[in-house]
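Got the viewer open? Here's a short walk through the model, one selection at a time.

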Amino acid sequence: MRKSERYNTRSLYFSELITNAMRQIPDYPLTIVEAPMGYGKTTAVREQLNFYKANVMWQRVYENSISTFWNGFCHLFSGFAEEQSQSLLLLQFPNDSVSLGKALNIIERIELPAKSVIVIDDYHLTECAEINCFIEFLVMSEITDVHIVLTTRYTYFPRLEELLLKGYLYHIKQESFELTPMDIMSYYKQCGKRLNADDARKLYSLTEGWISALYLLMLNYGTEGSSLHLADIHKLIDKIVYRPLPEIVRDLLINMSIFNSFTFEQAGYIWKRDNPVAHIAVLVEKNAFVTYDSREKTYHIHSVLKSFLREQLDNKEKSYKEALYNKAADWYRGIGEYLVSMSYAYLAGDFNALLQAIEIDKGQSFNYDCKELFIKYFEECPTESKQKFPYAMIILARRMFTFNETDLFKKICAEFVTNMRDMDGLNVDYKNRLLGEYELLLSFTGYNDIGKMSEYHRRACSLLESPSSILDGKGSWTFGSPSVLYMFYRKSGELESEVQIIREAMPFYYQATNDHGKGAEKVMEAEHYYYLGDFENSEIVMHNALQTANETSQAGIRICAVFLQIKLAFMKGDFPSILHLFKKMRADINDKKWYLFMHTLDMCEAYIYSCLNIKNHIQSWVKNGEFGNTRLLFPAMAFLNIVYGRVLLINGEYLKIIGSTEGFIEIASFFPNLLGQIHTYIYHAAANYKISRQNEALDTLKKALDIAMPDKVYMPFVENCDYILPLLEELQPQGSYREGIARILELFEPYKKAVGHIRKEYFEEGKPVLTKREMEIANLAAEGLSNKEIGERLYISQNTVKTQLKSIFEKLGINSRVLLRQSLFALCCFF
């Protein structure tokens with residue numbers, strides 16, 4: 001009988017082909033390493049980058065969740081710049097031009113070591129077009145000295161060929177990992193086993209150079225002599241890797257196979273038998289299928305072995321699996337990872353544990369990409385569990401309302417009421433608290449009827465002894481809208497009454513929510529004065545509102561107050577104050593991480609510049625109507641159409657305005673928002689007038705006047721008199737709204753004077769001046785050339801290009817390349 005040989009089976013082997021391929025990583029912004037499971041992608045990338053002493057930032061992907069991907073990506077930077085890492089986290093995943101630009105700005109401020117490489121391992125699991133677009137954006141933005149490597153079993157980038165042609169991408173494919181017969185001889189020799197050329201060719205014909213199969217066959221060769229038969233891969237693992245292990249170690253591996261990665265502490269909590277630390281250490285030392293990541297201090301089971309182990313787990317008894325998943329749920333709940341805890345509780349069929357995690361989390365971890373998951377949880381949850389965890393029911397209902405799942409919201413509310421009725425002997429204080437939270441939840445069904453909402457708030461206050469523990473008092477009260485009056489002006493002829501109602505109602509809401517939205521009633525009062533044309537009282541109340549919002553850190557209310565302050569400065573022709581306030585608003589949004597309001601700021605700026613007829617300062621997403629991925633919530637969309645309609649007007653897109661009117665009115669009628677309706681009818685009238693449809697223009701303008709004049713809402717007409725003045729002058733003698741139109745024309749005089757002053761002083765005579773070199777760089781950038789291509793064309797470094805572009809952007813008052821071409825044209829022809 002032949003004596004068994006001992007091999008160094010943990011020896012790592014890299015062919016010359018793959019080694020040379022990996023050397024190219026520092027030469028490209030993006031490298032895609034693509035090959036099926038078991039080809040050694042992760043090991044090759046890790047070892048080669050370590051050999052070249054790169055600063056490796058490693059992210060593993062475990063599921064197709066945008067939020068999970070983004071959390072992991074943000075965490076990559078925490079060791080270098082915790083503040084910027086948190087800023088990215090609060091920004092949330094960037095899925096539009098505004099948030100992408102902000103994310104890039106944050107990343108570029110992080111001082112990373114030289115030769116930094118971001119590795120995203122198992123990238124194929126993202127299965128997400130949005131993440132692909134984000135990676136493409138980062139790559140084409142050419143962040144200095146940062147390279148991205150994606151390891152993946154397959155990949156799909158819509159712009160893959162473009163990335164290759166432009167030199168952004170290096171693509172390492174499966175063939176680079178396949179070992180030749182000579183490589184196989186070298187690999188086996190390195191592990192202590194000599195092969196002749198014939199055996200190497202046989203191995204190659206069996207495995208096609210797949211290193212995982214070669215590794216298993218090497219182990220098989222050590223136990224079976226010269227057998228080179230390639231059995232089913234799982235049968236080989238069972239025979240060569242799994243069966244030789246002691247039963248206790250096999251059980252440990254099955255337990256750990258439910259995790260994507262695990263720590264010593266985690267293993268000790270889940271697997272209560274013996275000493276897991278010692279067993280894991282032996283596995284890592286003697287088995288290439290279990291590895292340790294010293295950076296993350298986590299253990300990983302190779303995907304080939306993990307798929308086998310999960311098959312073994314599937315064959316275990318139901319009670320075994322339920323107990324295992326329950327322990328996992330407890331572990332993640334204990335470390336505050338509630339979404340993961342819920343997923344394991346669901347696998348265990350333990351809905352009590354799942355709802356308990358929801359109650360502890362208070363819905364803070366819920367996000368839109370988890371919506372379908374939570375719907376499934378609710379629909380499969382047994383009634384007994386729902387009765388035991390009524391707080392979880394309220395939280396689920398609130399999130400369904402946020403997700404605009406109205407039918408499901410009503411269903412959950414109905415079940416909650418039934419459960420409360422059927423629960424006998426409930427502690428009175430506890431019952432009152434639940435009912436108080438429920439009344440607060442129901443108040444959102446009355447949006448934007450402040451009187452109806454206040455009835456719920458008053459009942460909530462009578463039941464709650466302390467502020468709500470469920471409602472997030474730090475969330476946006478305004479949904480991203482820059483106007484409180486826009487939100488709650490809902491019935492013609494009753495604006496003054498609505499201002500009074502909100503003044504009386506809000507104290508009850510503040511009591512129930514610990515001052516959420518504090519100052520809203522003062523902003524609405526100040527805005528009311530503004531729309532009346534009473535600018536003095538408007539400014540007085542505005543400052544009072546601003547003080548209140550600042551004292552209670554209410555971001556949305558502060559934004560509304562500052563936007564009103566900007567409009568008041570506009571009436572005075574005080575453009576420096578407008579610029580200062582916008583600059584301060586942007587600084588607050590960035591410094592205080594109010595990222596929901598990034599689009600609100602762009603919207604406010606777009607409205608002011610559209611009133612000045614300055615087209616090149618309007619962000620492209622507003623100008624082009626790209627609203628699909630904004631951070632604005634639905635209640636703010638009618639205000640966005642107010643801005644967009646004015647932008648279309650100054651761009652001469654009259655037919656588009658007429659065609660869009662029905663849709664604009666539909667959105668503005670949903671709650672309703674009368675300010676949106678008034679503006680839409682004004683734009684429709686102006687557009688008809690511009691294409692010589694006089695009768696249609698007059699009829700539509702009358703609709704706007706019918707809504708606005710009973711409340712003396714003059715300013716929408718004043719702000720658009722540059723387009724509707726002849727129509728107003730024609731309507732005035734007819735007597736319908738003679739006094740109202742007279743007041744509009746009176747207010748238009750100082751407004752027109754302010755516009756003329758600002759345009760003359762700050763735009764016509766003071767055009768920004770670029771140096772010859774800046775103009776060269778600006779023109780090339782406007783043509784779409786990258787920093788690298790500009791540098792090569794002008795024989796300057798990428799850093800010089802980057803610095804010069806920063807100066808150009810500051811001179812032109814823009815913050816992206818998207819606006820550059822428009823700004824360059826404006827230097828020669830400003831209006």
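**Stop one: a covered strand**

Start by selecting residues 146-152, which make up strand β4: 7 of its 7 residues are buried, so call this strand mostly covered. Keep in mind as you go that this is a predicted model.

Now show the side chains of β4 and look at both faces. On one side you'll find Val146, Ile148, Leu150 and Thr152, and on the other His147, Val149 and Thr151, every one of them buried.

Next, add the strands that pair with β4. Select residues 30-34 for strand β1, which pairs with β4 in the parallel sense over 5 bridges. To find the register, pick leucine 30 in your viewer: isoleucine 148 of β4 stands opposite. Then select residues 116-121 for strand β3, also parallel to β4 and joined to β4 by 5 bridges. Here the pair to click is serine 116 and its bridge partner in β4, valine 146.

**Stop two: isoleucine 18**

Move to residues 16-22, helix α1, and pick out isoleucine 18 there. Is isoleucine 18 buried or exposed? Its relative accessibility is 4%, so isoleucine 18 counts as buried. Leaving aside residues up to four places away in sequence, isoleucine 18 touches Ile172, Ser176 and Phe177. While you're here, draw a distance from the C-alpha of isoleucine 18 to that of valine 33: the two are 15 residues apart along the chain, and the atoms are separated by 10 Å.

**Stop three: two helices crossing**

Select residues 97-108 (helix α5) together with residues 598-611 (helix α31); their axes come within 9 Å and cross at roughly 115 degrees. The crossing of these two helices, α5 and α31, is right-handed. Turn on side chains to see who meets whom: Val98, Ser99 and Lys102 come from α5, and Met598, His599 and Asp602 from α31. By character, the residues in this contact of α5 with α31 split into 2 nonpolar, 2 polar and 2 charged.

**Last stop: the cysteines**

How many disulfides does a search of the whole structure find? The count is 0. Select cysteine 133 to see why there is no bond here: the closest cysteine sulfur, in cysteine 128, is 8.5 Å from its own sulfur, which is too far. Cysteine 133 is partly exposed, at a relative accessible area of 45%. Finish on cysteine 461, also in no disulfide, where the nearest cysteine sulfur is that of cysteine 413, 19 Å away. Cysteine 461 is buried, with a relative accessible area of 11%.

Conventions:
Residues numbered from 1 in each chain as written. Predicted model: local features only at pLDDT ≥ 70, side-chain atom pairs only at ≥ 80, totals over all residues. Heavy atoms only, no water. Disulfide = S-S within 2.5 Å. Buried < 20%, exposed > 50% of the residue type's maximum accessible area, 1.4 Å probe, protein only. Axes fitted to C-alpha atoms, helices over the stretch in contact; angles between N-to-C directions. Helix = DSSP H or I, 4+ residues; strand = E, 2+ residues; numbered from the N terminus. Left-handed = near helix turned anticlockwise from the far one by under 90°. Contact = heavy atoms within 4.5 Å. Nonpolar A, V, L, I, M, F, W, Y, C, P; charged D, E, K, R; others polar. Pairing = 2+ DSSP bridges.
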